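Here are a few notes to read alongside the structure, written as one colleague to another. I hope they help you find your way around.

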Amino acid sequence: LCQRRDRPNMKSAFFLLTALVALTAYYVYLPLPSTVSDPWKLMLLDATFRATQQMCNVVHSLRLSHHLRVLNYVIDTFDKLEPSSSEHVKTTDTLFDGVEVRIFEPSPKQDKTLKRSVIYIHGGGWALASASIFYNNLCRIMAESLDALIVSIEYRLVPDVHFPEQFYDALRATKYFLQSDILAKYSVDPSRIAISGDSAGGNLAAAVCQQLSLDDSVSNKLKLQALIYPVLQALDFNTPSYQQNTNMPVLSRFVMVKFWIGYFNGNYDFVDSMLINNHTSLDVSQAVSFRGRLNWSSLLPSTFKKNYKPVIQPTGKAEIIQEIPALLDIRAAPLLAEKEIFQSQPKTYILTCENDVLRDDGIMYAKRLESAGVEVTLDHFDDCFHGCMIFTIWPTNFSSGHRTRDSYIKWLDENL
């Protein structure tokens, strides 16, 4: 910018440089809970990530490109440090009913037995990363460790599309794969298929799993679902975990609300109101019937409720729900589904992290599944943070990433 020697761009470059220095200084000294593993490494990761976001915002403000596209480009650059294929796992890109997918296929065995399979949906706030960015390493290790075919879905992202298109992409690709002739093509056992995802991918996995349980046209059903720190509701941004981890690195409460609004293509002016639950105040009649399904006072154990109090506004902004009705759509918020849908869900694994705004979404989902008679494994990590499972290779190699990944794969190996 400075090389162009015009004053507006020089000011922008100076602002960018100042923002980078200020953010780095601030986050290096940001206090973290004593239980977080690798705290200095996490602070450095977060400072880098937020500084990069600021850089992308400057590019956006100059109207050079959308900030999310720039951020994905930067993420992709880092991810190219890791090769996409390995000696023991074949990687293939193809289309399932028009949806891009990446297939991770382990080396064939001589006994010719049918393989297990996991349909994996990546995270990133419905806007970042992809099947080919950040998730190659995880899916390769899953394929090799489980001797399973991994189908990683490349659903379209914000800002190119918004809800419900991401859901439909995931649903179409999954239904296509579950066809008997397609399973036979890939030598997959129809009775040993799981669906899984992390963060926003966990949201899509849970929503697709619910939808398939209602679809009688699908003859091959999912055996398991495995949800990694999933985001499952947008009605209460003041659960104990949201209050406790408001400014936690990687995913703060403010950033999560912005991801939701971006997903719904809503008005970002609503952010501040949603942060204090003005969108679900007592005078918002549309939200009344859903409050009982999201009552964390009864759904959370006391160890997680701690001393936090519910935030319920007597009056708020009814226009938020009116303009964004998808806030109440169970395809976007699976935690809001009725009990009958929960009763039809398969055996479930849910991984949660203490230092994560989404901790309580996963715990409440586990409780509602258990209450509906579904067998659930809740795998909680006291010293881990949101997104840690994908940080297992240099330069973002965290011990928490290895521990959560190994625990997740172990459960799949024992139950799939």
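1. A word on naming, to begin with: helices (H or I, at least four residues) and strands (E, at least two) are DSSP runs, numbered from the N terminus. With those names, Pro159 can be placed in the loop between strand S4 (148-154) and H5. Please keep in mind throughout that this is a predicted model.

2. Let us stay with that loop for a moment. Val158 and Pro159 are joined by a cis peptide bond, with omega at about 10°. Pro164 also sits in the loop between S4 and H5, and here too the peptide bond, from Phe163 to Pro164, is cis, with an omega of about 10°. I would look at both prolines on screen.

3. Another backbone point concerns Trp126. This residue is not a glycine, yet its phi is positive, at about 60°. You will find Trp126 in the loop that runs between strand S3 (115-121) and H4.

4. Now to the helix packing. Two packed helices are described by the angle between their axes and the distance between the axes. For helix H5 (residues 165-177) and helix H7 (residues 200-213), the axes come within 10 Å and cross at roughly 60°. Angles of 65 to 115 degrees would count as roughly perpendicular, so at this crossing angle H5 is oblique to H7. The crossing of these two helices is right-handed.

5. Which residues make the contact between H5 and H7? From H5 come Gln166, Phe167, Ala170, Leu171, Thr174 and Lys175, and from H7 come Leu204, Ala207, Val208, Gln211 and Leu212. Sorted by class, this contact has seven nonpolar, three polar and one charged residues.

6. The second pair is H4 with helix H16 (residues 399-415), whose axes come within 11 Å and cross at roughly 40°. That angle makes H4 oblique to H16, and the crossing of H4 and H16 is right-handed. On the H4 side, Asn137, Leu138, Ile141, Met142, Ser145 and Leu146 take part, meeting Arg405, Tyr408, Ile409, Leu412 and Asp413 of H16. By class, the contact of H4 with H16 has seven nonpolar, two polar and two charged residues.

7. Finally, the largest pocket, which has a volume of about 880 Å³. Its lining is made up of 42 residues, and those closest to the centre are Leu45, Phe49, Phe134, Ile390 and Phe391. Two or more lining residues come from each of helix H2 (39-61), helix H3 (67-79), helix H4 (136-146), helix H9 (253-264) and strand S9 (392-393).

8. Which element gives the most to the lining of the largest pocket? That is H2, with six residues. As for the character of the lining, the residues divide into 27 nonpolar, 11 polar and four charged. H4 is worth a second look here, since this helix appears among the lining elements and also meets H16.

Terms used: Residues numbered from 1 in each chain as written. Predicted model: local features only at pLDDT ≥ 70, side-chain atom pairs only at ≥ 80, totals over all residues. Heavy atoms only, no water. 1 Å grid on protein atoms, 1.4 Å probe; cavity = no way out; pocket = protein on both sides within 12 Å on 5 of 7 lines; lining within 4 Å. Points joined across faces, edges and corners; volume = space filled by probe spheres on them. Nonpolar A, V, L, I, M, F, W, Y, C, P; charged D, E, K, R; others polar. Axes fitted to C-alpha atoms, helices over the stretch in contact; angles between N-to-C directions. Parallel < 35°, antiparallel > 145°, perpendicular 65-115°, else oblique. Left-handed = near helix turned anticlockwise from the far one by under 90°. Contact = heavy atoms within 4.5 Å.
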